[in-house]
Amino acid sequence: MYALADCFRLKRQNGSDMDDNKIKNRIEHAVFICIILVLGLFTQNTYYLQIMTFIGINTLLALGLNMLIGYAGQISLGHAAFYGIGAYTTAILSGTFGISPWLSLLCAIGVAVLIAFVVGLPTLRLSGYYLGMGTLGFGMIVNILFREWSSVTGGSSGFVGIPVLEAGKVSFMSGQNYFFLVWGVVLGAILMCRRILASRMGRALRSIHDGEKASLAVGVNTHYLKLQIFMFSASLGAVAGFLYAHFVLFISPESFGFMVSVKMVTMVVIGGMASVWGALLGASLLTLLPEVLHGFAEYEMIVFGLILMVVMIFMPQGLTRGFLDMYEKARKKRQ
Amino acid sequence: MISPEPGHNNKPILAVSSLTKMFGGVKAQDNISFSIQPGIVCGLIGPNGAGKTTLFNLITGIYSPDEGQVVFNGKDTRKMTVDQRVRAGIARTFQHVELFGSMTLLENVLVGMHVRTRSGFWGAVTRLPWVIREEKEAVEKAEALLEFTGLMDYAHHPAGDLPVGRQKTAEIARALASDPLLLLLDEPAAGLNAVETEALGKLIEQVKKRGVTMMLVEHDMSLAMGICDKMIVLDQGSKLAEGTPREIQNNEAVMAAYLGQG
């Protein structure tokens, strides 16, 4: 009898556990949407709106890379290539050939996913440093292509003449509209990532991170799964590139170089690997810092390096996990 | 559930013939042949370095043999990848616990069900009715398995936080989640105390009643003698003896290998 009662209680507890999680997620999303609405509606300063739009674009990059680094445990040092592929594909298709930008968005995603498949098939068999080197080389090759194929990409002087996005009567010329477009996409991407992580695929992915040997042994096709996530993160990179191109309306190879790849990895690491909100935090910090440190532009890299070192020493799990741990500790002390 | 009669007249679930595996110049497996009938528990014993874990790795497909073949359930496994073998019905546990530490126990068992479920990227993103149904059924099945192994209380705990004994049991639960026909247990009693070892023996009996054939590497002789229907003794990569626990106990070659020549 007691056992049965215990069992029942346990079931209910578990049930409420699950519901708690659902409610928590809903609250997080609601808070996120509210913040976006408030920031978007009440910010008059175009400079601030612009910065926040860039934060959104970088968040997309960090989200995609976070799935790869934080969850699948794979490093990519050439992810700016997909960002660039997204930007250049839409620039060329809509700018040079006059195709509707929305159609060129689909093409950009398609091209990025296809290239990720071709590159990932052999590279993801590598691991650790070798994978880093492989993706690094890939990023460099793509960047050289942007620079040297000047008849198509405009070369190092850049690509001019990217059309402004329009949807029916709505023009995304205004800073506010673009802000909402970008953050709407970010919200969609966050929901998508969370759905993936909560699914069979996400569990398999997290299992690779915890122990690849065991996940192989239980029958997870780890290579295929890594490839899928690589393709997914490439597609998010391409979407970010698309949004970037139609926002600044002028792109050049520097925006997609090696340093950008490193910056993307830094966002993920600082924000906290394996955390959706960590990607947002990392992207915000690394977009804001250069603006704040405008006066010391020469020392920017030094400050970046220092911050990365300090975070790695004191909060190796990243800021999100680090702050959460601090909060938990403080709460336990109070009790 | 009807378990196949242990012993004879059945087609073997696993047939290993002339299996040889070299590491450098060392023969880790030297011309090993044996077969296992469905429904039995087969013990695999031998001194350290005898090649027991290597044999498991050859059966599960982590290594590929230099010579010989492994026929599982009538099919040659030569061209099968690790995950295809799991799909075909071979599951295993590890000598040193290899749970997914940051994931809950329930999630661990759900990952164990990976080959029996099919939703992928688009399923995750769209959450169509069939995906939700599949997920619900998977959770129910996982909970039933945790109930079966007595771990339901820990379902929502991170697996890495559990004591070693529970983790060992959890690995068995995760392995059972793939509905295996053959379960390979690599030293399931290592690190367990006497009470836990006894419980493990009972659990293995329960699993046997479900019709799962088992092979286990075990150093705890009293446990192995108690639960095994058959034993295979390896020494330095070769098969030394094969037979019932009683036969093995009285085998002179085995005595020599264990106690030293003399």
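This section describes the two chains of a predicted model, the packing of one helix from each, and selected residues of chain B.

Chain A contains 14 helices and four strands. Its radius of gyration is 21 Å, close to the 20 Å given by the globule rule for 335 residues, and chain A is therefore as compact as a globular protein of that length. Along the principal axes, the C-alpha atoms of chain A occupy a box of roughly 80 × 50 × 45 Å. Of the 335 residues in chain A, 50% are buried. Among the contacts in chain A with a separation of 6 or more, 79% are accounted for by residues 24 or more positions apart. The exposed area of chain A is about 16500 Å², of which carbon and sulfur atoms supply 69%.

In chain B, the secondary structure consists of 10 helices and 10 strands. A radius of gyration of 19 Å was computed for chain B, close to the 18 Å that the globule rule gives for 262 residues, so chain B is as compact as a globular protein of that length. The box filled by the C-alpha atoms of chain B is roughly 65 × 40 × 40 Å along the principal axes. Buried residues constitute 52% of the 262 residues in chain B. For contacts in chain B between residues at least 6 apart in sequence, 69% join residues at least 24 apart. Chain B exposes about 11900 Å², and carbon and sulfur atoms supply 51% of this area.

A contact between the chains involves helix α8 of chain A (residues 200-210) and helix α3 of chain B (residues 105-112), whose axes lie 9 Å apart at an angle of about 105°. Angles of 65 to 115 degrees count as roughly perpendicular, and α8(A) and α3(B) are therefore roughly perpendicular to each other. On the α8(A) side, the contact is made by A:R203, A:A204, A:R206 and A:S207, and on the α3(B) side by B:E107, B:L110 and B:V111. By class, this contact comprises three nonpolar, one polar and three charged residues. Helix α3(B) is mostly covered, with eight of its eight residues buried. Among these buried residues are B:E107, B:L110 and B:V111, which also take part in the contact with α8(A).

Elsewhere in chain B, B:I172 belongs to helix α6 (residues 164-176). The relative accessible area of B:I172 is 4%, and since buried means under 20%, this residue is buried. Leaving aside residues up to four places away in sequence, B:I172 touches B:T93, B:L183, B:L185, B:L200 and B:L203. The separation between B:I172 and B:L105 is 67 residues in sequence and 12 Å in space, C-alpha to C-alpha. B:L105 is one of the buried residues of α3(B).

Positive phi values occur at two loop residues of chain B that are not glycine. The phi of B:R127 is near 45°, a positive value in a residue other than glycine. B:R127 lies in the loop between α4 (121-126) and α5 (129-148) of chain B, and at 37% relative accessibility B:R127 counts as partly exposed. B:D179, likewise not a glycine, has a positive phi of about 50°. The loop between α6 and β7 (182-186) of chain B holds B:D179. With a relative accessible area of 41%, B:D179 is partly exposed.

Note on methods
Residues are numbered from 1 along each chain as its sequence is written. Chains are lettered from A and ligands numbered from 1 in the order in which they are written. This is a predicted model: local features need pLDDT of at least 70, side-chain atom pairs count only at pLDDT 80 or more; totals for chains, interfaces and linings use all residues. Side-chain values use heavy atoms; hydrogens and water are left out. Axes are lines fitted to C-alpha atoms, for helices over the stretch in contact, and angles run from 0 to 180 degrees between N-to-C directions. Angles under 35 degrees count as roughly parallel, over 145 as roughly antiparallel, 65 to 115 as roughly perpendicular and the rest as oblique. Contact means heavy atoms within 4.5 Å. Ala, Val, Leu, Ile, Met, Phe, Trp, Tyr, Cys and Pro count as nonpolar, Asp, Glu, Lys and Arg as charged, and the others, Gly among them, as polar. The radius of gyration is taken over C-alpha atoms; the globule rule is 2.2 Å times the number of residues to the power 0.38. Buried means under 20% relative accessible area, exposed over 50%, partly exposed in between (1.4 Å probe, protein chains only). Accessible areas come from the Shrake-Rupley method with a 1.4 Å probe; for residues, only the protein chains shown count as cover.
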